[in-house]
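Colleague: Could you take me slowly through one part of this model, the place where two neighbouring helices meet, and then set that part in its surroundings?

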Amino acid sequence: MIRAVTLTVDGQSIEVPEGATLLDAATALGIDTPTLCWAANLTPVNVCRMCVVELEGARTLVPSCARKAEEGMVIHTDTPRVRTSRRMVLELLQSSVDTSTAPDLLAYAKRYGAEPARFGPHGPPANANERDAHHPGHHHVPAGAEAATVHQPRKVDNELYIRDYGKCITCYKCVEACGTDAQNTFAIAVAGRGFEARISTEYNVGLPDSACVYCGNCINVCPTGALMFKSEADLRDAGKWDEAKQTTTRTICPYCGVGCTLELTVQDNRIVRVMSPPEVSVTNGNLCIKGRFGVTYVSEGGG
Amino acid sequence: MEETDVIVLWGSNARDAHPIFFHHVLKGIRNGAKLFVIDPRRTSTADWADSHLRLRVGTDIELALAVAREIIHAGLTHDAFLANATEGYEAFKAHVEPWTLERGEATTGVPAALIRGLAHAYARADRAQLCWTLGITEHHNAVDNVLSLIHLGLLTGHVGRPGSGINPLRGQNNVQGGGDMGALPHKLPGFQDVEDDVVRARYDALWGRPVPPKKGWHLTEMFEAMRRNELRALYVIGENPAQSEADAGHIKGLLTSRDILIVQDMFMTRTAELADVVFPGSAAWVETDGTVTNSERRVQRCRKALDPPGEARDDVWILAELSKRLGHDMGNPTPEQLWDELRLLSPMHGGMSWARLEAMDGIQWPCPTEDHPGTRFLHERLWAQPRGGRAAPFTLVDPDPPVDQLTDEYPIRLTTGRRLDEYNTGVQTSQYKNPLRKRETIDLAPADCARLGIEEGATVTVTSRRAAVRVTARIDPGLHAGLAFMTYHDADDVDTNLLTIEATDPKAGTAEFKATAIRVERDRPHGPASDLHAAHA
């Protein structure tokens, strides 16, 4: 028997089932809360701090995605303190990460008036694999004239998807999808600490030498385009990625009898990307290598 | 699958063959379920098991009999369910009596303690799921294998309740839907008997043409009829029997000696190459609108996202045009019109309007009326008091070892299966830039390799009673001595099905892909085995 919990959000009283989060309560009231590391099909990890809200009686702001609603809580989702915190998070991310293919993040930056330039111009990018060789403590206190960045060359070690860690905000979603929340393959984890924290395969080996099974469930959850179909990255590089010419269609995977829903992005009669909607009960937003990448035979040569 | 206490995967490598189904299994495991895997190989599925029962190939019935006897002797049967829902239990009880744990161990190679562990865990569980795949059905006695698993569900009442069921995992996105739509020799759409005059009359009235009153041939019977030359014209749609059938060399001969062979496919398959006429069809799942039915009986909408290339045409259009030229004009029906016709004729689809299929992301049959939510699980009627419908029978099933027997000349048991990144004969999967792709190998047990002097990567000749093929050896520590494994994904390179035996189940018609007797020899450039290979090439 699930009990109901009553709380107040932005002056409105709301009843939610026990176990619901503050984010659930705000969403039920129609409040649009920004999130980056949260997804409906992943366990909250509380790392991005975009969704923080003010809880009366609490010393710090609390992450609404993970904090469970309790009887009598009084929440404020849009106070100056909340807005300042969210803006600061966005400015720090934009000062250090290439967010050009992160539509949600860019929209939030506009909403909260982020001014990442106040941290100075971007510092120079790292060489390939340079950041992967850093040990804890490598990050020295900067002079302050430039904003330190994670910019680096993208990793292209297979023909299916690329890893562009200059665009990575270390939200952990890929790690969760590869791990206990979906795939249970554990090909990647967070290596390093602090500013050196990064997503890595074991010993930073290339994907073909790692445990990766190319399900692409990491791409499905990546909010910044750091993980991207190679077909999409190639079209973008060539200046041919054209969303105006694209259609999105849901159909069913042609392979085994599980019946996973595929969300196909098609441009010029070619499949350029395959995603999986998280709300479909069969797949929960996940696919295997065949459904994700093995369907392009209908586009090769013909069409 | 996520809300259950025991999950048994019997003859299923779901981690590789049904990866997203296995996600649900993993959620079940994380919620506390115990996983039992019954498989001759230590697969990636077995790696997740609490208990892996490594039986000898083709001893599934023996193992099931031993499990059944242990459940009965330990007093773990669900007696109320047995009384209400089943018939023939007393005879079954006597039938399994000789199958002690010790005899089970001696026959199957599975330690008695593991057999006992499976029996007790499965029978004691509040909820338990028993799933199987081709490891059970690709045998000459496939139906008996399935019956012997169903018995375990009947003994324990693990059927027809939330979290408890017996489930065959379907291998193709519409193998269930093909049956639903009447692509069976003895059924009309909705599994209605073609020899039932009342049923047929409804079709005759709607179609304005009489439906043939007698059932047809299933695939295996069709090949037998080709052998007798009774079946002289063959129209193949979306199937590649020249590579997918067991004893493929023999099958090709039958295909090429028809009066006419028509093949409708999206690719120029090896079968299409043999055809007199080729109709270029389309990729139904993405170049046309329609439906498929998945393994959980969920009817799902496929939608057109691409135009078919070149002269390829919608398969329905091809059929309608052919019909017109044969003297019956069907018009040019849309997928929704065809679907609505099905709803008139098939009661279990009656409530599935096109709009509801869209809105509900698919509906599980039966769904007779538009206010029906669909059916999550079947066989609930067995629990009703009084029981709905007829009793579930126990059938007395006896073991029957694989047809292709092991001898000194053919001492190794070859079993076949699938890999994660490939699909069947590779028609769809051979083109994508797959980093996991490896050349076809024969996977051999370390002990056999040591005995035969075969090192990893060596080229070997594999010989069965039908043919020989050359292939690269790979050492797999997950295989016990005397067991080998191959796939037929890369049939152009290594035609595994030249080796397999066309010993088929009399009822289901499935061939014994899982049990071939072979010998393996280090490659010699000029030997009798190579000559045999050349003769088939």
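**The meeting of two helices in chain B**

Modeller: In this predicted model, the contact is made by B:Leu101, B:Glu102, B:Gly104 and B:Glu105 of H6(B), which meet B:Ala112, B:Ile115 and B:Arg116 of H7(B). Sorted by class, the residues of this contact between H6(B) and H7(B) are three nonpolar, one polar and three charged. Helix H6 of chain B covers residues 101–108 and helix H7 of chain B covers residues 112–124, and their axes come within 8 Å of one another, crossing at roughly 115°. The crossing of H6(B) and H7(B) is right-handed.

One residue of this contact leads into the interior. B:Ile115, which H7(B) brings to the meeting with H6(B), is also named in the largest nonpolar core, a set of 154 residues in which A:Cys174, B:Val8, B:Leu63, B:Val67, B:Ile115, B:Tyr122 and B:Leu149 touch the most other members. Helix H3 of chain B, residues 60–73, gives this core its largest share, eight residues. In soluble globular proteins, nonpolar side chains tend to be buried together. Apart from this core there is a second, separate one of 38 residues, and it includes B:Leu234, B:Leu254, B:Ala445 and B:Leu498.

B:Val8 deserves its own description: leaving aside residues up to four places away in sequence, B:Val8 touches B:Phe36, B:Tyr122, B:Ala128, B:Gln129, B:Leu130 and B:Cys131. B:Tyr122 is thus both a contact of B:Val8 and one of the core residues that touch the most other members.

Turning to the wider setting, chain B is assigned domain 1 (6–169), domain 2 (175–364) and domain 3 (412–536). The centres of domain 1 and domain 3 of chain B, taken over C-alpha atoms, are 28 Å apart, and 19 residues of domain 1 of chain B are in contact with 22 residues of domain 3 of chain B. On the domain 1 side of that contact in chain B, helix H1 (14–17), helix H8 (134–137) and helix H9 (142–156) each supply at least two residues, and the residues of this side divide into six nonpolar, eight polar and five charged.

Elsewhere in chain B, two cis peptide bonds may be noted, one joining B:Trp365 and B:Pro366 with omega about -5°, and another running from B:Gln385 to B:Pro386 with omega near -5°. B:Pro366 is found in the loop between strand S14 (363–364) and strand S15 (392–393) of chain B, and B:Pro386 is likewise found in the loop between S14 and S15 of chain B.

Conventions:
Residues numbered from 1 in each chain as written. Chains lettered and ligands numbered in written order. Predicted model: local features only at pLDDT ≥ 70, side-chain atom pairs only at ≥ 80, totals over all residues. Domains from an automatic or database assignment. Contact = placed C-beta atoms within 7 Å. Helix = DSSP H or I, 4+ residues; strand = E, 2+ residues; numbered from the N terminus. Nonpolar A, V, L, I, M, F, W, Y, C, P; charged D, E, K, R; others polar. Core = buried A, V, L, I, M, F, W, Y, C linked by C-beta atoms within 7 Å. Buried ≥ 20, exposed ≤ 12 C-beta atoms within 10 Å, placed from the backbone. Axes fitted to C-alpha atoms, helices over the stretch in contact; angles between N-to-C directions. Left-handed = near helix turned anticlockwise from the far one by under 90°.
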